[in-house]
Amino acid sequence: MVMELDDCIHGRRAIRLYEDKPVDRQLLESILNAGIWAPSGVNEQPWRFIVIQDKNIIKSLSDSIKTILLDFEWTDQFKDALSSELDTIFYSAPALVIINVAKDEQWHTIRTLDCGLAAQNMMLKAHDVGLGSCFIGFGNYLNEDEAAKDKVGIPSDHEVLACMVFGYPGEAPEPKSRELKVINWLVPEK
Ligand SMILES: Cc1cc2nc3c(=O)[nH]c(=O)nc-3n(C[C@H](O)[C@H](O)[C@H](O)COP(=O)(O)O)c2cc1C
């Protein structure tokens, strides 16, 4: 059963609580396939996907990121979250997808956009097939830990640009309000 596009766009939420249940490989493959249909600059399709369903590995990446983040200034509340034993980065989700690309200063911005577009396709597809997802911007701090990158097969000449978690949702958050801000809309003079 395929969802109407508007329902899918409006109904997707960032999910931060997951059922302790592995995600079917076929569902993850359908999500990855949605990702690669995103447009990309000069049709480069620069994305490389790492899929991790081993919860111990996901937790160890979360711990690496927390250690890195603790070196920065944060609110007390966030510091507590970083110091907690809980997986406050990847939310103990059963699946993590890390999109990484070859490093290239000149193409960095375009490749970041490419991966963001692939990520949105993937999160919409996840919602369409009944899975929750959350984009994890903190995942990019993995770039500060070469050993952690190496552990999951990301070479030092590649960088993480987009991380997302997926799983069966354990919560149904209310949508956050949106405001359409059109600053200017220029039409030809009559
Ligand atoms: C670039 C980006 C980075 C994000 N990073 C995080 C993150 O590190 N941790 C997290 O819990 N949510 C993260 N989010 C999720 C946003 O907080 C969420 O999308 C936003 O609050 C709107 O909620 P909605 O997705 O349910 O509409 C990120 C979203 C984006 C687009």
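Start by selecting Phe49 and, opposite it in strand S2, Ile99. What you have open is a predicted model, in which local features need a pLDDT of at least 70 and side-chain atom pairs count only at pLDDT 80 or more, while totals for chains, interfaces and linings use all residues. To find any residue named below, remember that residues are numbered from 1 along each chain as its sequence is written.

**The sheet, strand by strand**

Keep Phe49 and Ile99 on the screen, and extend the selection to the whole of strand S1 (residues 48-52) and of S2, which run antiparallel and are joined by five bridges. Strands, like helices, are DSSP runs numbered from the N terminus, with at least two residues (E) for a strand and at least four (H or I) for a helix. Two strands are said to pair if DSSP finds at least two bridges between them.

Now move on to S2 (residues 95-102), where seven of the eight residues are buried, so the strand is largely enclosed by the rest of the structure. Here a residue is called buried if 20 or more other C-beta atoms lie within 10 Å of its own, exposed if 12 or fewer do, and partly exposed in between, with the C-beta atoms placed from the backbone.

Next, add strand S4 (residues 158-167), which pairs with S2 in the antiparallel sense over eight bridges. Two places to look at along this pairing are Leu96, which stands opposite Val165, and Val101, whose bridge partner in S4 is Glu159. S4 is mostly covered too, since nine of its 10 residues are buried.

Then select S3, which pairs with S4 in the antiparallel sense over four bridges. Within S4 you will find Met164 as the bridge partner of Phe135, and Phe166 as the bridge partner of Ser133.

With the four strands shown together, you can see an open sheet in the order S1-S2-S4-S3, with antiparallel pairing. S1 and S3 are its edge strands, each pairing on one side only. On average, neighbouring strands of this sheet are turned by 25 degrees against each other, direction ignored; the axes behind such angles are lines fitted to C-alpha atoms (for helices over the stretch in contact), and angles run from 0 to 180 degrees between N-to-C directions.

**The ligand**

Which residues should you select around the ligand? They are Arg13, Ala14, Arg16, Cys134, Phe135, Ile136, Gly137, Phe138 and Lys176, where a residue counts as near a molecule if its C-beta atom, placed from the backbone, lies within 6 Å of it. By class, this shell has five nonpolar, one polar and three charged residues. In this scheme Ala, Val, Leu, Ile, Met, Phe, Trp, Tyr, Cys and Pro are nonpolar, Asp, Glu, Lys and Arg are charged, and the others, Gly among them, are polar.

**Two loop residues and one in a helix**

Most residues other than glycine have a negative phi. Select Val42, in the loop between helix H2 (25-35) and S1, and check its phi, which has a positive value near 45 degrees. With 9 C-beta neighbours inside 10 Å, Val42 counts as exposed.

Is Tyr91, your next selection, buried or exposed? Tyr91 is buried, with 21 other C-beta atoms within 10 Å, and it lies in the loop between H4 and S2. Tyr91 is not a glycine either, yet it has a positive phi of about 55 degrees.

Move now to Thr109, which is found in helix H5 (residues 108-128) and is exposed, having 10 other C-beta atoms within 10 Å.

**The whole chain**

Finally, show the complete chain, which has six helices and four strands and follows the pattern α-α-β-α-α-β-α-β-α-β along the sequence. If you colour it by pLDDT, the predictor's confidence in each residue from 0 to 100, the mean is 97, and 99% of the residues reach 70 or more. Confidence is lowest in helix H4 (residues 76-83), at a mean of 95, and highest in strand S3 (residues 132-135), at 99. Buried residues make up 29% of the 190 residues in the chain.
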